[in-house]
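I opened this notebook page to record what I looked up in the structure, entry by entry. The notes begin with one helix and its ends, then move on to backbone oddities, charges and cysteines.

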Amino acid sequence: MKNYIGAIDQGTTSTRFMVFDRSARIAAVAQKEHEQIFPKPGWVEHDALEILRRTEEVIRDALEQRGLRAADLAAIGITNQRETTVLWERQTGKPVANAIVWQDTRVAEDVARFASQGGQDRFRPQTGLPVSTYFSSLKLRWLLENVPGARGKAAGGDLLFGNIDTFLLWNLTGGPRGGVHVTDVTNASRTQLLNLKTLDWDVELLAAFDIPRAVLPEVRSSSEVYGQATLSAIRGVPFAGILGDQQAALVGQACFHPGEVKNTYGTGCFLLMNTGERPVPSNFGLLTTVAYKLGNGAAHYALEGSVAITGALVQWLRDNLGIIEKSPDVEPLARTVNDNGGVYFVPAFSGLYAPYWKENARGVIAGLTRYANKGHLARAVLEATAFQTREVVEAMEKDSHIGLRSLKVDGGMVANELLMQFQADILNREVLRPVIQETTALGAAYAAGLAMKFFSGLEELRANWAVDRAWTPHLAEMDREQLFRQWKKAVTRSFDWMES
């Protein structure tokens, strides 16, 4: 009897393998970090082969925890950091260069040039996305232009492109010996090469970015059998679900009705609203993206507000400044003060994403006085996440014409109760944390389980969702609006820091 479903959760800083039972309870989990590579200012890379090794290791470790075998797993789903771009050799599986991470800004000059030839929104009608360093299209173009011989090999079909989901799936289903080269609609919609209406690669977009179709994976639904695992620990287990990490969290939070919203607090912060079976264009700085497509069902779309740096700011405080020893230490440090002491931290390390889309912004700390100490800085770090979330919520309400009554939250930072209370305060809305907080992996497991009839349908998934903790706002309106006005002023100080 196959009583378990597996999920590979490959994130920006670490990789996990989680095993869920039929009640969506966690049966086993293993996690390992991988190296963050910063060759130049603004450049962020990963070693894709290291990520593959970590993935294989956590699969084995999690199964060994419970004495599980491949025969116990009905299927495996994959969820992944989106936009991170890998280009590798078909014959050997070796990447031609390090993966270019979604936060990387090396293509900023290309962004300016493309925008000058038709505006930053020139591709929005087809893709729902502005021209930005964020998406895969210009990253892939950069690799083809800058890796010697890459463009010729790509045109000849000797190189393969994918985001991390595609790279892992190809390797775990055989690699050079028959590996499956596919992606799902959610990851494809983040490349800026997919047409949102046809759900296939767009000829005009490929021409505009000068991308040969031969390198691209086949686009499939988010919930179907793609291939069988060849890794010994899971040999023969079907891979049956793929979702980009934020779409996976939307599914894991059971946001299946139009108007339902979740916010994931990880390396960055990502607010998604299900908009149903039609893409809703944004007029207020959000992205239009594919939410999921389950088997032969209709695709569902989402509005997304993407914030580049939230949890990564806590890591920066830890690793670059050494103010804290480990990430959870930020909360007790922030609690040593009663407020932010007038300090505001705008973490525009990779420019500003939603709702501004300013590539040339850079991080600033504003409002410093001799009074400020490291407790105020820690508090400003946490508050930056909540302020940025409010900006995205306001944009989403304008685009969707739907007022949010509450906010479902998930991801690593939701364990920080000071942050969650301030989030409720600055939004003036209830914040709801579910019992299962790592909903990204759960969403991938749901997608795979639906494909294999391990779960009966969406109603069963909805019934699994339950509240662990709710935060209600306590801040006076005058104080809330004063804090937010000061935040907005600090944000303007980050604009146009980098000169063309």
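**Entry 1: helix H13 and its ends.** I began at the end of H13, where the helix is followed by Asn428, a residue whose phi is positive, near 60 degrees. The model I am reading is a predicted one. Asn428 is not a glycine, and yet its phi is about 60 degrees; I place this residue in the loop between helix H13 (417–427) and strand S22 (430–434). I also looked up how much of Asn428 is accessible, and its relative accessible area of 42% makes it partly exposed.

Going back into the helix, I found that 10 of the 11 residues of H13 are buried, so the helix is largely enclosed by the rest of the structure. The buried residues of H13 include Leu418, Leu419, Met420, Phe422, Ile426 and Leu427, but Gln421, Gln423 and Asp425 are also among them. At the N-terminal end of H13 I noted a cap by Asn416, which has a side-chain oxygen 3.3 Å from the backbone nitrogen of Leu418.

**Entry 2: other backbone oddities.** Most residues other than glycine have a negative phi, and most peptide bonds are trans. With that in mind I noted His401, which is not a glycine but has a positive phi of about 60 degrees. His401 sits in the loop between helix H12 (374–400) and S21, and with 71% relative accessibility this histidine counts as exposed.

I then turned to the peptide bond between Ala354 and Pro355, which is cis, with omega about -5 degrees. Pro355 has its place in the loop between strand S19 (344–346) and strand S20 (364–366).

**Entry 3: Asp410.** Which side chain of opposite charge is nearest to the buried Asp410? I found that it is Lys262, 5.1 Å away, and that Asp410 has no salt bridge. The cut-off for a salt bridge is 4 Å between a side-chain nitrogen of Lys or Arg and a carboxyl oxygen of Asp or Glu, which is why a separation of 5.1 Å from Lys262 does not count.

What the side chain of Asp410 does have is a polar contact with the side chain of Thr264, at 2.6 Å. Asp410 belongs to strand S21 (residues 406–410). Setting aside neighbours within four places in sequence, I listed the residues in contact with Asp410 as Ala249, Gln253, Lys262, Asn263, Thr264, Tyr265, Gln437 and Thr439.

**Entry 4: salt bridges.** Side chains of opposite charge can pair when their charged atoms come close. I counted 35 salt bridges in the model, and I wrote down several of them in detail.

Glu438 forms a salt bridge with Arg16, and the closest N and O atoms are 3.3 Å apart. This pair links distant parts of the chain, with Glu438 in the loop between S22 and helix H14 (439–451), Arg16 in strand S2 (residues 14–20), and their positions 422 residues apart. The accessibility values I noted are 24% for Glu438, which counts as partly exposed, and 10% for Arg16, which counts as buried.

Arg124 pairs with Asp121 in a salt bridge whose closest N and O atoms are 2.8 Å apart. Here Arg124 counts as buried at 15% relative accessibility, whereas Asp121 is partly exposed, with a relative accessible area of 44%.

For the salt bridge between Arg462 and Glu459 I recorded 2.5 Å between the closest N and O atoms. Arg462 is partly exposed, at 22% relative accessible area, and Glu459 is exposed, at 56%. Both residues lie in helix H15 (residues 458–464), where they are 3 residues apart, about one turn of the helix. Elsewhere, I noted one network in which salt bridges with shared partners join Lys32, Glu50, Arg54, Glu57 and Asp61.

**Entry 5: cysteines.** How many disulfides does the structure hold? I found 0 disulfides. The sulfur of Cys255 is 14 Å from the closest cysteine sulfur, which belongs to Cys269, and that is too far for a bond. Cys255 is buried, with a relative accessible area of 0%, and Cys269 also counts as buried, at 2% relative accessibility.

Notes: Residues are numbered from 1 along each chain as its sequence is written. This is a predicted model: local features need pLDDT of at least 70, side-chain atom pairs count only at pLDDT 80 or more; totals for chains, interfaces and linings use all residues. Side-chain values use heavy atoms; hydrogens and water are left out. Helices (H or I, at least four residues) and strands (E, at least two) are DSSP runs, numbered from the N terminus. Buried means under 20% relative accessible area, exposed over 50%, partly exposed in between (1.4 Å probe, protein chains only). Lys and Arg count as positive and Asp and Glu as negative; His and the chain ends are not counted. A polar contact is a pair of N or O atoms within 3.5 Å; within protein, one must be able to donate a hydrogen and the other to accept it, and residues adjacent in sequence count only if both atoms are side-chain atoms. Contact means heavy atoms within 4.5 Å. A disulfide is a pair of cysteine sulfur atoms within 2.5 Å.
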